[in-house]
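Please look over the sequence and the coordinates shown here before reading the report that accompanies them.

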Amino acid sequence: MREQSIIRAWEYRQRSTSKGVWHRLRRTLVNAAEAWIIDEEAADMLEARGRIPLLVGYEFDPPKRLFFLAPEDLGTIPRRKQVPVRLHSELLLARSVVFLPHRAVSAAASGGAP
Amino acid sequence: MLPILIEVDFRTRLLQTLRAIAPVLQEPGVMVAGSEVPNLLEPDARSSLVVSQDVDIAVPVDRHAAVKSRLGEMKGLARSEEEPSVWLPREAGLIEVNFIGWDSRSARAGETYVIEDAELPLLVFGHLSLLRPGLMREIENLRIPLPRPAGLMLEKLMTDRSGEKGDRDLLVALALLLVSDENDLMEFEAQYRGVNPDLRYAVRSGLSTLSLLEPRLAMPDPTRHRLLVADLLARLERTESDP
């Protein structure tokens with residue numbers, strides 16, 4: 001039990017450094033209702049349109065380009081694959097991922113504004 | 001077996017066990033703790049969650065002697081030879097009873113320690129100090145003391161268990177969140193503010209892990225309540241930036 005407390009305290013101290021990257025990635029995923037893997041070409045296109053990838057993606061090696069988009073913007077990406085919002089190998093191996101926020105998805109599903 | 005049959009059977013066994021230990025439950029301060037609490041908070045104690053096959057009973061450390069004197073009045077259970085704080089069913093239809101120490105008032109409150117005793121040794125879990133006595137549920141003429149959801153939810157989110165057991169702790173926290181109202185959440189937030197920074201981080205980390213868990217049979221489905229979890233996490237984060 002003491003060992004667990006020591007580990008927890010260490011994790012807390014690491015929260016702003018590389019060990020904390022997993023927490024930051026999980027925290028990003030918490031806000032996502034949906035996750036879509038996209039190809040590099042689509043990620044380039046999003047950046048060319050001024051979409052800025054999340055900083056947490058650059059903390060990985062190789063870096064990932066992670067975007068939060070509105071549902072209507074997702075429709076402009078021709079090749080995309082939806083994956084569950086969980087820490088699974090397909091999502092972790094993906095280089096570029098688009099997330100949709102919860103309320104925007106709920107609003108789109110009900111036909112209202114986000 | 002059909003899930004509904006499992007549920008009915010488990011509810012019956014849980015209530016029969018609580019009836020068997022009713023003399024102990026009458027002692028002031030004693031309450032059911034752990035994963036069976038959300039089951040008992042459901043309407044009519046429906047007990048739709050099958051987390052474990054035992055029930056935890058929190059014994060206030062200052063009531064240790066009084067509780068010990070009531071153990072002989074319990075029916076259908078016998079003390080485990082290997083682990084005397086555990087009482088095992090001697091009759092069909094009962095589940096295991098696990099006595100744990102609860103210290104919210106002494107100078108050692110918040111510490112994890114052991115009360116050595118031949119009849120009723122108790123492992124006093126530090127985080128259980130967050131529990132606060134809650135409502136007395138009356139089900140089928142049985143009075144069942146329960147903790148308030150806020151403290152237990154906080155304690156479950158601080159879980160330091162890993163793997164399946166840790167995930168189940170988090171799902172119990174979700175079950176408590178689902179029966180919580182705004183007053184419970186305000187209490188949860190106030191208790192959260194009162195714990196040290198690394199435990200607050202552990203709570204937030206627990207919520208983020210909970211948000212990403214897969215559904216499990218007979219447990220609340222975390223994928224259906226991800227927005228609720230995200231909102232609670234955002235609420236806690238806001239308190240971190242409060243003066």
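What follows describes the domain arrangement of one chain and then the surroundings of one strand in another.

The model is predicted, and the account begins with chain B, which is divided into domain 1, spanning residues 1-147, and domain 2, spanning residues 148-243. Taken over C-alpha atoms, the centres of these two domains of chain B are separated by 22 Å. Where the two meet, 17 residues of domain 1 of chain B are in contact with 15 residues of domain 2 of chain B. On the domain 1 side of this contact in chain B, helix α3 (residues 36-41) gives the most, contributing three residues. The residues on that side of domain 1 of chain B that touch domain 2 comprise twelve nonpolar, four polar and one charged.

In chain A, the strand to consider is β4 (residues 96-101), which is largely enclosed by the rest of the structure because five of its six residues are buried. Two strands of chain A that pair with β4(A) are set out below, each with one bridge that joins a residue of the partner strand to a residue of β4(A).

| Partner of β4(A) | Sense | Bridges | One bridge pair |
|---|---|---|---|
| Strand β1 of chain A (residues 32-38) | antiparallel | five bridges | A:Ile37 with A:Val97 |
| Strand β2 of chain A (residues 65-68) | parallel | four bridges | A:Phe67 with A:Val98 |

Strand β4(A) thus pairs in the antiparallel sense with β1 of chain A, and in the parallel sense with β2 of chain A. Within β4(A), A:Val97 is the bridge partner of A:Ile37, while A:Val98 is the bridge partner of A:Phe67.

Terms used: Residues numbered from 1 in each chain as written. Chains lettered and ligands numbered in written order. Predicted model: local features only at pLDDT ≥ 70, side-chain atom pairs only at ≥ 80, totals over all residues. Domains from an automatic or database assignment. Contact = placed C-beta atoms within 7 Å. Nonpolar A, V, L, I, M, F, W, Y, C, P; charged D, E, K, R; others polar. Buried ≥ 20, exposed ≤ 12 C-beta atoms within 10 Å, placed from the backbone. Pairing = 2+ DSSP bridges.
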